[in-house]
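Hi everyone, thanks for making the time. I'd like to walk you through a structure that's probably new to most of you, so have a look at it first.

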Amino acid sequence: MCEALEELMKDELEAKKSEGKAESVLELLHDLGEVSEKLRDKIMGQKDTEILNHWLKCAAKAETIEEFEQKMQ
């Protein structure tokens, strides 16, 4: 029972971590312009923190949202 609780807490922490990274990506993109709902949903739906880290770096370096979308592939 204790193991199950630890696993649940670990999953919850990972979900909050990925959500925070996704929000950071969006915050950087908002400085570049209007973020489409489709792109926002894609970013917020991503749960893999490695991918989100990559996207965060791409968003920081991009000069336009279109450039970010090309680099995020």
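I'll start with confidence, then move to the surface, a salt bridge and a couple of distances.

First things first: this is a predicted model. So how confident is the predictor? The average pLDDT over the chain is 93, and 99% of the residues score at least 70. If you go element by element, helix H2, residues 37-45, has the highest confidence, with a mean of 97. At the other end is helix H1, residues 2-30, where confidence is lowest, at a mean of 89.

Let's stay with H1 for a bit and look at the surface. Where does negative charge gather? There's a surface patch made of Glu3, Glu6, Glu7, Asp11, Glu12, Glu14, Asp48 and Glu50. Which element gives the most to that patch? That would be H1, with six residues. Take Glu7 as one of the patch members; it sits in helix H1. Glu7 has 41% relative accessibility, and since anything from 20% to 50% is called partly exposed, that's the label Glu7 gets.

There's a nonpolar patch on the surface as well. Leu5, Leu8 and Met9 make it, and it covers about 330 Å². Leu5 belongs to helix H1. Is Leu5 buried or exposed? Somewhere in between: its relative accessibility is 48%, so Leu5 counts as partly exposed.

Okay, on to salt bridges. How many are there? By the rule used here, the count is one. The partners are Glu67 and Lys71, and their closest N and O atoms are 2.9 Å apart. Both residues lie in helix H4, residues 65-71, and they're four residues apart, which is about one turn of the helix. How open are these two to the surface? Glu67 has a relative accessible area of 22%, so it's partly exposed. Lys71 is partly exposed too, at 36% relative accessibility.

Next, a loop residue. Leu32 is in the loop between H1 and H2. With a relative accessible area of 30%, Leu32 is partly exposed. Now compare sequence and space: Leu32 and Glu69 are 37 residues apart in sequence, and C-alpha to C-alpha they are 12 Å apart.

And one last residue, Gln73, which you'll find in the segment after H4. Buried or exposed, what do you think? Gln73 has a relative accessible area of 73%, and over 50% means exposed, so exposed is the word here. How far is Gln73 from Lys10? Along the chain they're 63 residues apart, and their C-alpha atoms are separated by 28 Å.

That's my tour. Happy to go back to any part of the picture.

Notes:
Residues are numbered from 1 along each chain as its sequence is written. This is a predicted model: local features need pLDDT of at least 70, side-chain atom pairs count only at pLDDT 80 or more; totals for chains, interfaces and linings use all residues. Side-chain values use heavy atoms; hydrogens and water are left out. pLDDT is the predictor's confidence in each residue, from 0 to 100. Helices (H or I, at least four residues) and strands (E, at least two) are DSSP runs, numbered from the N terminus. Patches are made of residues with over 30% relative accessible area and no salt bridge: like charges are joined within 9 Å, nonpolar side chains (Val, Leu, Ile, Met, Phe, Trp, Tyr) within 5 Å. Accessible areas come from the Shrake-Rupley method with a 1.4 Å probe; for residues, only the protein chains shown count as cover. A salt bridge is a side-chain nitrogen of Lys or Arg within 4 Å of a carboxyl oxygen of Asp or Glu. Lys and Arg count as positive and Asp and Glu as negative; His and the chain ends are not counted. The place of a charge is taken as NZ of Lys, CZ of Arg, CG of Asp or CD of Glu. Buried means under 20% relative accessible area, exposed over 50%, partly exposed in between (1.4 Å probe, protein chains only).
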